[in-house]
Amino acid sequence: MAGVMFTLAGCGFQIGHETPLNEVLGTTEATTEATSEVTATETSIATTEAQTETTEMTSEDSNSAGITSATELDDSTREQLSKLDTDYSKIAWGSTYSIFENYPGVVISVTPFVDYDNTGLVVGITNLYDTPIEVHGSLSALASDDSVVGNAYLYKSCVSAGDTAVEYIHCDSAPDGRILWEDAKMSDSTYKGASWTADYEITGNPADGKINVSYNAQTAGKITDACILLLDSNGYVLAATYDYPSGNAGSLSIYGTPEVLSKTESLAIFINPTMDN
């Protein structure tokens with residue numbers, strides 16, 4: 001098989017509709033549930049600067065937030081999501097919802113990803129407010145029998161206005177799309193966010209079981225990590241990984257099965273740069 005080499009510098013596009021996670025994962029059980037601990041699933045590179053109609057936060061909103069249950073997004077929030085001109089819109093998200101009762105503009109998005117022979121879950125946290133936020137909590141992916149099949153701890157110190165932070169969960173067996181959120185909290189960030197754009201290049205031969213990615217971000221802020229997702233032509237996630245660049249540029253190899261990697265059409269990257277206080 002001949003090697004493939006291509007350079008992409010795309011921008012986000014809007015998603016026409018959502019696909020329920022149980023359809024994406026091939027399960028039949030409904031994926032919507034909310035508990036007191038919050039179990040829920042209902043419902044770049046090349047990002048542009050975030051351009052969104054942010055929702056103003058009051059002085060009460062700027063304090064720490066507690067959670068009660070997962071709620072479906074209202075039409076206004078969905079409209080704001082559809083206007084995001086970032087790599088968020090490249091991804092075929094399986095479900096979107098909110099876990100913060102008084103802060104529907106903090107949106108949780110979930111979709112499966114191929115994790116070699118397993119299926120994992122990618123989790124995005126999008127901030128539709130005009131103030132940078134900090135979000136943290138423990139995530140557990142559930143199977144159809146309510147057993148926990150994967151865990152991750154999410155800590156994002158600064159998600160800027162209109163931006164998205166991403167975490168993913170490795171799973172030992174197939175999740176059904178539900179996530180148990182425990183000790184999830186949101187507050188104003190102590191950092192100032194920074195806008196950014198990025199270019200990337202994908203090279204390599206999928207037959208070798210790996211694809212090489214290099215990227216260069218343009219930002220005045222400091223980058224601590226970058227979450228990179230390989231995507232097929234429909235926006236489904238073929239692989240997920242983190243990179244930790246020493247500056248604003250990085251390169252890495254992403255490994256997987258040749259059959260899966262050969263479907264790569266683009267990628268999405270998520271970084272959350274901060275300015276020095």
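Which side chains does a polar contact of 2.9 Å join? The pair is Ser 140 and Asn 151, linked side chain to side chain. Please keep in mind, as you look around with us, that this is a predicted model.

**Around Ser 140**

Let us stay with Ser 140 for a moment, which sits in strand 6. Its relative accessible area is 6%, and because buried means under 20%, Ser 140 counts as buried. Setting aside residues up to four places away in sequence, Ser 140 touches a group that includes Val 148, Gly 150 and Asn 151. Arg 178, Ile 179, Leu 180 and Glu 182 also belong to that group. Asn 151 thus appears twice in this picture: among the residues that Ser 140 touches, and as its partner in the polar contact.

**Just past strand 6**

Strand 6 covers residues 133-142 and strand 7 covers 148-159, with a loop between them. Ala 143 is found in this loop. Is Ala 143 buried or exposed? With a relative accessible area of 8%, Ala 143 is buried. Once neighbours within four places in sequence are left aside, its contacts are Val 149, Ala 174, Pro 175, Asp 176 and Arg 178. Asp 176 deserves a second look: 33 residues separate Ala 143 from Asp 176 in sequence, yet their C-alpha atoms are 5.0 Å apart in space. Arg 178 is worth noting too, as it is in contact with Ala 143 and is also touched by Ser 140.

**Two residues with positive phi**

Most residues other than glycine have a negative phi. Here are two residues to check against that background.

| Residue | Phi | Loop | Relative accessible area |
|---|---|---|---|
| Tyr 116 | near 55° | between strand 4 (106-115) and strand 5 (118-127) | 47% |
| Asp 146 | near 75° | between strand 6 (133-142) and strand 7 (148-159) | 49% |

Tyr 116 has a positive phi although it is not a glycine, and its place is the loop between strand 4 and strand 5. At 47%, Tyr 116 is partly exposed. Asp 146 also has a positive phi without being a glycine, and it lies in the loop between strand 6 and strand 7. Asp 146 is partly exposed at 49%, whereas Ala 143, in that loop as well, is buried.

**Aromatic rings**

How many aromatic pairs does the structure hold? There are four. Ring pairs also join Phe 113, Tyr 168, Tyr 242 and Tyr 244 into a cluster, which makes a pleasant last stop on the tour.

How values were computed: Residues numbered from 1 in each chain as written. Predicted model: local features only at pLDDT ≥ 70, side-chain atom pairs only at ≥ 80, totals over all residues. Heavy atoms only, no water. Helix = DSSP H or I, 4+ residues; strand = E, 2+ residues; numbered from the N terminus. Buried < 20%, exposed > 50% of the residue type's maximum accessible area, 1.4 Å probe, protein only. Contact = heavy atoms within 4.5 Å. Phe/Tyr/Trp six-rings, centres within 6.5 Å; stacked < 30°, edge-to-face > 60°. Polar contact = N/O pair within 3.5 Å; in protein donor to acceptor, adjacent residues only side chain to side chain.
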